[in-house]
Structures are given as structure tokens and as C-alpha cells.
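Here's a quick briefing to read alongside the model. Have the sequence and structure open as you go.

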Amino acid sequence: MFGVRGLLRTLRRCSSAPCPKRAPAARLKVREALEARELPGADVKVQGWVRSVRSQKEVLFLHLNDGSSLESLQVVADPSLEYRDLTFGSAVEVQGKLLKSLHQKQNVELKAENIRVVGPCDALENGYVHIHTPVITSNDCEGGGELFQIKTANKVKEHEGESHFFKVPAFLTVSGQLHLEVMAGAFTQVFTFGPTFRAENSQSRRHLAEFYMVEAEVSFTESLQDIMQVIEDLFKTATSTVLSRCPHEVEFFYKYIAPAQKGRLERMLKNKFLTLSYTEAVEILKRAPQTFTFKPEWGQDLQTEHEKYLVTHCGEVPVFVIDYPYDLKPFYMRDNDDGPQHTVAAVDLLVPEVGELCGGSLREERLHFLQSRLQRLGLSDTYQWYLDLRKFGSVPHGGFGMGFERYLQCILGVSNIKDVMPFPRFPHSCLL
């Protein structure tokens, strides 16, 4: 069938819709600017990190790189522009005109008309870099403590008082997100696709101890809507590709497994995904004519029964639920700094029959906000490296993760997640 490679190709193609106030200048990657053949004089915009600065009395030279090319783009700036104190590693957005270099005709340089530190909302474009994030990690990304700890089969001889193989406790990864954040600081748009593990004692129809997840991280975005658009584009493009390339296999499922799924999926592809705030979602649940096992209250996490009701309430169309309570979500999610109900810029995508399919957020790039939260949680030492990413320069960024097996459940109408895995791992079962 479509499989992992097809999903990865789809992620590389996915892009978000332009923001309402998008500037007229075309956004280019550094590689695209360097390869430009018919664009001299064109008004363009490039985002990236400063690799070198050479300040002269009459002109400011910058070398800009965004990870898309080994070469950097030379930016020539007028001395009247602001930010003449830019240094190595500064994150900037440069808008101006592409010019052929006068001293080397084959080179391309950018005559800057405007330089801003950290660009505003802009379209997310193609060109995700595939990062192989580690399966073994010392961090608990989600903060839930549902980790599988790694130990050697043979007893390791203690060396200088250390009994751990890696000198620190090591675990199977629950997410590659934190590693992607590091790499997004060099390559702008990155993704990973690999196994993740949760030691959650659940026998439900949508939980596994080992599953695959596609995760993406995008630099230079200050809008949760941008992340939501990438998620929607990924879902619709991947699903359309599955339907076109594997029509016989899909029809088999619709004929024998889930006859109603074909119409349900057509509605999902045809309609724009809806958006509710968490607060709106709780109010809808409180007014519901049915009685829930878990009473909906503001500040409590949404349960599967709540998620499925919300999707049904919205006409069986996928629903983004945004702005969750601050205390419900992990430390890395961006504080909305609102009140009296304190929330973070988080988003979950709920789909028919399955419930939550994707989870994402804007990340907290403000050092003092992050320091304060980690101190309260007693995690400052553990995540000092994460704080250093902000201390030495960061940009607004965000990302998401989508469970591949739940995605298959959603498009094929398979009710039990164990039936979309050849060798499912769940509590009290690890055959072969």
C-alpha cells in the first residue's frame, strides 16, 4: 500500500496557505536564491541565520544561511538600515532585490531594503529535511513519565561509581520533537518518521506501546494557524494519494470492514477542518444531551468520549481544538499569557471514530517564560541544554506529531489499532 515512503513524500510536498497579511515579495530559500537564473531584480524575501557580518562605513555585508545550501547568500545592506549590530547566529528576515554580483558575474547577491530580526507570519513552504532522531534518549519529552527504561541484558560492571551504560538513565523515545527543535535551528523545516514508545497501561482500541509517528518542526512561524494548515494539508494530500494509488485495497476495507467509511472520508476531504477553542469545546460538552462517564469541566483533559462527541457535533468533520489550559500541557508549549483562564498555544486534531489524531503547538521561544516554568517544575538542570537554545538565539517556531497507525484507522475505518500493525505491542503482549 501507500506506506511510510509515500507519507514522507507527502510531508515534503505539504505547505500551508499564505497568511492574510502576506507581503508581496516572494519568499525564497537560500538555495533557490543562489540558483536563480531569471530573477535578477525581483523583489524577494529570505529568512535564515547570519553566518558572518562585515560592517563598513558605507555598506553592511551579511552572509545568510537557512540550512538549504552549504553556500550562504551575500546580503548587501544600506548603512541607514537598522540592526547594524547583528552578530553571528542572529535570526533575520531580509527583503530586497536579487542582483548579480558585480565583482563575480556568476554570483548572486541580495540588495537589502529591509532587515528584521525574526520574520513575521509567512507561508510555510516545501523542502522539509528528514532528520533521523534517536530512539534512545535521556529526556521525557511529554512529561508524563510513561517511559520504557533501557537496561543491558548482562550486568554492567560499575565504573567509577556509575552503573548506567550511558552514565545517566536512558529511555526509549516518546517523541522526537526536542531533537527536531535543535535541528530546526539550522534547517528551518524538518521532520522525522520513526517508532515511539509509551509505557501506558491501556488496553483501549487506540493505544499501543510501540507505534510510528510523523513529526514536523517549522522555524519562523508565530501563528498556530500555520501549523494547523500544514496538518490539514498533510492529511488531505496523503489521503488523496492513498485513494488514487491503492483504490482496490481501499475498496476492500470499505466493502468488508467499514461500509460507511467511504462517505465519511469524502466529507473529511471536501470540507475545511473546523476550529474550536478548548473553552468552547467544554461548553458544548456541558450542554450535550448525553451523560458522559467523565464529567466535562474546564481544566480537565478531554477524554475519548468527549473527542468523539465534538466531532459528531460538528458534522463528522475533523476539528482542531486550540488553546488548552496551561497546567494541562508540557513545559515547551507557548504561554498565551492570557487570563483569567491561563492557556497555551496548543492544538489537537480530532477526527471521526478515532478522536485525537494529531497534537501540536507553538513552542516557547521566550527564555524568561521557559526558565520560570522549568524552575517551578524542578527541571532546570535536566533541560539546561534546551534553555541554552533560547539563551544564544532562537526564533518563533512550532510543530506537531501524527500517529501513523491512528491515521490508518481513520482513513480505512479500522476500529482497533492493533489491526493495522503486523506485530502490535501492548500491555501483557509482546509476541515474536
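Let's start with a cross-strand pair: tryptophan 49 sits opposite asparagine 65 in strand 3. This is a predicted model, where local features need pLDDT of at least 70 and side-chain atom pairs count only at pLDDT 80 or more, while totals for chains, interfaces and linings use all residues. Residues are numbered from 1 along each chain as its sequence is written, and side-chain values use heavy atoms, with hydrogens and water left out.

**Around strand 3**
- Strand 2 (residues 43–55) pairs with strand 3 in the antiparallel sense over six bridges; pairing takes at least two DSSP bridges between two strands.
- Four residues make the hairpin connection from strand 2 to strand 3.
- Strand 3 also pairs with strand 4 (residues 73–77), antiparallel over five bridges, and leucine 60 has alanine 77 of strand 4 as its bridge partner.
- Five of the six residues in strand 3 (residues 60–65) are buried, meaning under 20% relative accessible area, with exposed over 50% and partly exposed in between (1.4 Å probe, protein chains only).
- Strands here are DSSP runs of E, at least two residues, and helices are runs of H or I, at least four, numbered from the N terminus.

**The eight-stranded sheet**
- An open, mixed sheet of eight strands runs in the order 7-10-11-16-15-14-13-12.
- Its edges are strand 7 (129–130) and strand 12 (274–277), each paired on one side only.
- Strand 7 runs parallel to strand 10 (residues 189–197), joined by two bridges.

**Leucine 328**
- Leucine 328 lies in the loop between strand 13 (319–325) and strand 14 (343–351).
- Leucine 328 counts as partly exposed because its relative accessibility is 28%.
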